[in-house]
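Biologist: Please take me through one part of this model in detail, namely its nonpolar core, and then place that part in its surroundings.

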Amino acid sequence: TIKGLVFDLDGVITDTAERHFLAWQRIADGLGISIDREWNERLKGISRTESLELILAEAPTLILDAAGKTQLLDEKNAHYLELIAEITAADILPGIPELLEAAKEGGCRMAIASASKNAPIILARLGLSDTFDSVIDPDALTHNKPHPEIFEKAAQALGLRADECIGFEDSLAGIEGIKRAGMPAVAIGIPTFGQWIPDIEVDATRELDLKKIFSQLAMKE
Ligand code: BG6
Ligand code: MG
């Protein structure tokens, strides 16, 4: 039986995935590289430094030293912080408040498994700092998504086995991590999948319904 829920943050709890994209797009533009939303799917769930490397790989003739890269990472984050400066509880995605409430009423423990170093700031702005039993610190990880470590740590932090939790993700890297951790996965708004297939797919957070998710998973057993 399911006793815990593990959530990605950006693009699942709030629409910061779009803001990450806009901030990266400005960096890419400045380098003469054009990225669109479809290309951006590969950056979702990926750490800040790895995201920059993927963008730079689009312009193989462009060689940057460590200081140049650090400057771009700082610029991206400064712009991103501007873009999230005004977020409030009104920016929690549709259906999420109801889902969190239903989970709490049902006695589910809840954790955040986000690659973002900005997760605590965002949760505070959303008024959700006290909602989750654990927020995994990405700086304490050895491996980034798609490695399952962050999801394994989240289950552990909740005192549960991975198969007693459900993972919610809007990224391919995240779905892979959840499945490799041995956790049932709910995919939100992911256009196409590769090797790793979620247990449940929805187009948007407003379709999330905890009772329905529980019964769909029970039917799969
Ligand atoms: C993930 C996002 O949650 O966090 C990525 O999906 C982002 O787009 C990553 O790059 C790192 O975030 P931050 O806030 O530490 O730059
Ligand atoms: Mg995400």
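Modeller: The largest nonpolar core of this predicted model has 50 residues, and those with the most contacts inside it are Val6, Phe7, Ile112, Phe151 and Met183. Helix H1 gives the most to this core, with 5 residues. In general terms, nonpolar side chains of soluble globular proteins tend to be buried together. Phe7 can serve as a point of entry: leaving aside residues up to four places away in sequence, Phe7 touches Val12, Ile13, Met110, Ile112, Ala113 and Phe168.

The strands come next. Strand E1 spans residues 4-7 and runs parallel to strand E2, residues 109-112, with 4 bridges joining the two; within this pair, Gly4 stands opposite Arg109 in E2. Both strands belong to an open sheet of 6 strands, paired in parallel and ordered E3-E2-E1-E4-E5-E6. Strand E3 (134-135) and strand E6 (200-202) each have a single partner strand, standing as they do at the edges, and so one side of each is left without a neighbour in the sheet.

Helix H1, named above for its share of the core, also leads to the ligand, since H1 (16-30) and helix H3 (48-56) each supply at least two residues of the shell around ligand 1. That ligand is surrounded by 18 residues, of which the closest are His20, Arg48, Ser116, Lys117 and Asn118. By character, the residues of this shell divide into 9 polar, 5 nonpolar and 4 charged.

Technical notes:
Residues are numbered from 1 along each chain as its sequence is written. Chains are lettered from A and ligands numbered from 1 in the order in which they are written. This is a predicted model: local features need pLDDT of at least 70, side-chain atom pairs count only at pLDDT 80 or more; totals for chains, interfaces and linings use all residues. A residue is near a molecule or strand if its C-beta atom, placed from the backbone, lies within 6 Å of it. Ala, Val, Leu, Ile, Met, Phe, Trp, Tyr, Cys and Pro count as nonpolar, Asp, Glu, Lys and Arg as charged, and the others, Gly among them, as polar. Two strands pair if DSSP finds at least two bridges between them. A nonpolar core is a set of buried Ala, Val, Leu, Ile, Met, Phe, Trp, Tyr and Cys residues joined through C-beta atoms within 7 Å. A residue is buried if 20 or more other C-beta atoms lie within 10 Å of its own, exposed if 12 or fewer, and partly exposed in between; C-beta atoms are placed from the backbone. Two residues are in contact if their C-beta atoms, placed from the backbone, lie within 7 Å.
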